[in-house]
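Dear colleague,

I am passing on the structure below, and I would be glad if you could look through it with the aromatic side chains in mind. My notes on what was found follow directly after it.

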Amino acid sequence: MMTNKKSRVLLFCTSYIEDMDSWRNRYARWLSHHRQLAGDECVMCFIDDGSPYVPNKQTLPVYTSLDGLSPAVKGPFMFRFEERLGRSGLLSYPGWWRSFLASASIARALSCDKIIHVESDAYLFSRKMFRGLLGLEYGWWAAWCESQAFPESALQVICSDQFGALRLLSQRDPTTFCNMTAERFLPFTGILKQFTGDRYSEFRSTIPKNADFAVQILPDQKIWIR
């Protein structure tokens with residue numbers, strides 16, 4: 001369901017930043033693009049899995065506990081776990097699960113009533129899609145990955161009526177999600193099939209101009225806002 005109600009929105013990606021090049025080529029690029037798209041309509045955040053590299057704290061404040069977070073925080077900022085959980089295999093990525101599910105507590109601390117998750121290798125291109133995501137008021141939504149024929153976990157919207165389900169998952173030990181794929185496991189209530197996008201880099205070198213979003217974008221692929 002879409003409405004015109006004004007929400008306080010957390011827009012985040014998960015992160016693990018190996019070095020300055022990784023920050024510049026992936027994470028700073030993601031931040032610059034989505035700040036340009038979202039303006040001041042979202043509180044932007046990296047939820048970090050114990051990265052060895054941390055950007056300049058004067059331009060990107062870093063929090064390591066919920067104590068410092070409040071509705072007064074405007075973002076962008078980083079919420080950083082000190083200990084890395086990482087990824088040990090294709091279906092074993094507790095670091096991602098912990099970071100992703102921490103968005104429930106962070107949103108509550110910030111008094112947000114909507115969460116938009118756009119992974120760090122995913123990009124929103126169209127203002128039409130962004131406005132559509134902001135207009136969602138109920139449900140747990142995912143974009144659609146056409147090539148894989150499953151919900152795209154790299155692009156989700158979680159509205160306040162689903163925060164309880166998200167918090168319930170966040171109470172689990174992240175290692176218990178091993179051998180589960182987020183695309184198949186997460187309790188999506190709706191799929192955003194009206195928007196065009198895919199994991200294009202898996203089967204072509206460029207992104208179609210009519211794409212509303214793309215996932216698994218490479219550093220040398222062109223990005224835009226339309």
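Lys193 lies over the face of Trp144, and its distance from the ring centre is 4.3 Å. A further lysine is placed over a tryptophan ring at Lys209, whose charged end sits 4.6 Å from the centre of the ring of Trp224. Please bear in mind that this is a predicted model, and that the values given here are to be read accordingly.

Turning to contacts between rings, a search of the whole structure finds 16 aromatic pairs. One of them is formed by Trp23 and Phe46, which count as edge-to-face because their planes stand at 65 degrees, with the ring centres 5.6 Å apart, and the cut-off for that class is over 60 degrees. This pair links distant parts of the chain, since Trp23 belongs to helix α1 (residues 20-38) and Phe46 to strand β2 (residues 42-49), with the two positions 23 residues apart in numbering. Trp23 has a relative accessible area of 13% and Phe46 one of 1%, so both fall under the 20% limit and are buried.

Tyr93 and Trp96 likewise make an edge-to-face pair, for which the distance is 5.9 Å centre to centre and the angle between the planes is 70 degrees. Both of these residues, Tyr93 and Trp96, are buried. They also belong to a cluster that ring pairs link together, in which Tyr93 and Trp96 are joined by Phe12, Trp97, Phe100, Phe177 and Phe185.

With best regards

Note on methods:
Residues numbered from 1 in each chain as written. Predicted model: local features only at pLDDT ≥ 70, side-chain atom pairs only at ≥ 80, totals over all residues. Heavy atoms only, no water. Phe/Tyr/Trp six-rings, centres within 6.5 Å; stacked < 30°, edge-to-face > 60°. Helix = DSSP H or I, 4+ residues; strand = E, 2+ residues; numbered from the N terminus. Buried < 20%, exposed > 50% of the residue type's maximum accessible area, 1.4 Å probe, protein only. Lys NZ or Arg CZ within 6 Å of the ring centre and 35° of its normal.
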